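Notebook open, coffee ready. Today I'm looking up charged pairs and empty spaces.

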Amino acid sequence: MKSAYQLIGESAAVKKLNRQIQQLAASTRSVLIVGESGVGRTTAARYIHFSSKDRNKPFVTISAQTTPDEEFKAVLFPDEVKREGPLPKQLPELVEGSTLFLKDVEELSFSDQSRFLRYLEDRKGKVRVRIIATIKEPLQKCQEGGKLMASLVEKLSSYETLVIPPLRERPEDLPALAEHFVLEACRELGIRVKAIDVNTLDLLSRFDWKGNVRELKAVIDRAVHQSEGEMLSLPQELLDEKSHLQGIINNIEARKRFSMDLGLENIEKLLLQRMLRAFGYNQTRVAEALGITEGNLRYRLKKYNIPSSRQR
């Protein structure tokens, strides 16, 4: 059965990860997920929990970067904190079958790392809680960099490990991800699903996506909100006529399929926008510089839904 949290993509890496996750969901083993921010570590963790027999039990999230020390301690040792005074706030309870999702474990202070290790020892013979921890870099590198205690590295080394590669290393996943995010955004807005032409996908595939899947989703969401008509238009800051032209040339040389009309229209639109900004939205001067009539210019601005004056 396909899960709502299944990793999206056509690459061999993603297909392998989905198989591994399904196997882990059938067990109760603790898991370490390695990968850069934004690659889908939280999605993978939720996929494991909500595909397991304990899917109706609490999925308790602790972020090493944002969760205060007193809250972290209260989740792990609520009885101790109660004896010292009232709990800091209403907190989720780690009951039998819960999953404790610990994000960015390398960001824990050494005192919290010691506290976490004590929890792992104290829980033996008590309630069964699955641990899913995430980390941005391999354990050994974090230990060598002084981010993790050796005793915690030894403990985490015994966990099942999932390694999620960055998006730039699996570009074949980008089309499926982009289409999924467009569908999601259009559904949220209650509008007809916008189409993505091959030139737009080609342009998206040339970015490094340092923020990985999370950054791609943010760009698609913004594009859906800004796009008019049936086609997806990328945010202006991602576009320039040089990249579009180079993309067309690359596709021709590689004998790849692309839409010539759409590609040339995108270049023309970008050039018109650049000319308007350069001449302070003075249409007479723009038309003169382009060697066309003002009527022809107005026709082109209307064709591409380009504002004829500076938007405030």
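Entry 1. I started with Arg192, which is exposed at a relative accessible area of 68%. Note to self: this is a predicted model. Arg192 makes a salt bridge with Glu230, and their closest N and O atoms sit 3.7 Å apart. The two come from distant parts of the chain, 38 residues apart: Arg192 is in the loop between helices H8 and H9, Glu230 in the loop between H10 and H11. Glu230 is exposed too, at 57%.

Entry 2. Next I checked Arg118 and Asp122, a salt bridge with closest N and O atoms 3.5 Å apart. Both belong to helix H5, and because they are four residues apart there, about one helical turn separates them. Arg118 is partly exposed at 33%, and Asp122 is partly exposed at 33% as well.

Entry 3. Is Asp104 buried or exposed? I found it buried, at a relative accessible area of 5%. Its salt bridge partner Lys136 comes to 3.2 Å, counting the closest N and O atoms. This pair also links distant parts of the chain, 32 residues apart. Lys136 is partly exposed, at 25%. Both residues sit in a salt bridge network with Arg41, Glu106 and Glu107. Searching the whole structure gave me 17 salt bridges.

Entry 4. Then I went looking for holes. I found two cavities of 30 Å³ or more. The second largest holds about 40 Å³ of space. Its lining includes His49, Asp54, Arg128 and Arg130. By class, I noted five polar, three charged and no nonpolar lining residues.

Note on methods. Residues numbered from 1 in each chain as written. Predicted model: local features only at pLDDT ≥ 70, side-chain atom pairs only at ≥ 80, totals over all residues. Heavy atoms only, no water. 1 Å grid on protein atoms, 1.4 Å probe; cavity = no way out; pocket = protein on both sides within 12 Å on 5 of 7 lines; lining within 4 Å. Points joined across faces, edges and corners; volume = space filled by probe spheres on them. Nonpolar A, V, L, I, M, F, W, Y, C, P; charged D, E, K, R; others polar. Salt bridge = Lys/Arg side-chain N within 4 Å of Asp/Glu carboxyl O. Buried < 20%, exposed > 50% of the residue type's maximum accessible area, 1.4 Å probe, protein only.
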